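Trainee: I have a new structure to study. Could you walk me through it, one question at a time?

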Amino acid sequence: QLQASGGGLVQPGGSLRLSCAASGSVFSVNHMAWYRQAPGKQREWVAVITTTNLTNYVDSVKGRFTISRDNAKNTAYLQMNSLKPEDTAVYYCNTASSPPRYIWGQGTQVTVSS
């Protein structure tokens with residue numbers, strides 16, 4: 001199971017740190033990713049971190065978001081800075097595989113608005 005948390009309402013330019021706690025032994029042996037789904041849009045990939053901590057980001061968040069992981073805690077993180085209204089979405093984490101290894105959780109809502 002996956003439990004994402006840390007979302008909320010923030011003003012443009014603000015920051016949030018999302019966490020994703022995973023159960024089981026799948027987490028540490030898989031590349032992990034954060035995804036997001038805005039209203040009326042398909043879920044999209046945002047950031048990925050490999051098992052060796054290599055990272056990559058969708059162009060729209062490069063330089064603003066940072067993905068990290070703590071395998072001892074089975075937890076992935078997404079530090080989001082300089083948030084923009086277009087970052088508003090429900091954020092999810094899962095393995096960076098097709099299909100993802102976990103059942104999708106509830107996600108955490110991020111709303112960027114003044």
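Mentor: Keep in mind that this is a predicted model. Start at the hairpin of E7 and E8, where four residues lie between the strands.

Trainee: Which residue takes a positive phi in the hairpin of E7 and E8?

Mentor: First, find the two strands. E7 and E8 (residues 75-80) pair in the antiparallel sense over six bridges. With phi near 50 degrees, the residue in this hairpin is Asn 74.

Trainee: Which residue in E8 stands opposite Ser 68?

Mentor: Ser 68 belongs to the uncovered face of E7, with Thr 66 and Asp 70. Side chains of a regular strand alternate between the two faces of the sheet. Across from Ser 68, in E8, stands Tyr 77.

Trainee: In what order do the four strands of the open sheet lie?

Mentor: Begin with the edges, strand E1 (2-5) and strand E7 (65-70), since each pairs on one side only. E1 pairs with E3 (residues 16-22) over four bridges, antiparallel. E7 pairs with E8. The order is E1-E3-E8-E7.

Trainee: Is Ser 82 buried, partly exposed or exposed?

Mentor: Ser 82 sits in the loop between E8 and E9. Its phi is positive, about 50 degrees, although Ser 82 is not a glycine. Buried means under 20% and exposed means over 50%. Ser 82 has 41% relative accessibility, so the label is partly exposed.

Trainee: Which residues does the cis peptide bond join?

Mentor: Look in the loop between strand E9 (89-95) and strand E10 (108-112), where Pro 99 has its place. Omega is about 0 degrees at this bond. The bond joins Ser 98 and Pro 99.

Technical notes
Residues are numbered from 1 along each chain as its sequence is written. This is a predicted model: local features need pLDDT of at least 70, side-chain atom pairs count only at pLDDT 80 or more; totals for chains, interfaces and linings use all residues. Side-chain values use heavy atoms; hydrogens and water are left out. Two strands pair if DSSP finds at least two bridges between them. Buried means under 20% relative accessible area, exposed over 50%, partly exposed in between (1.4 Å probe, protein chains only).
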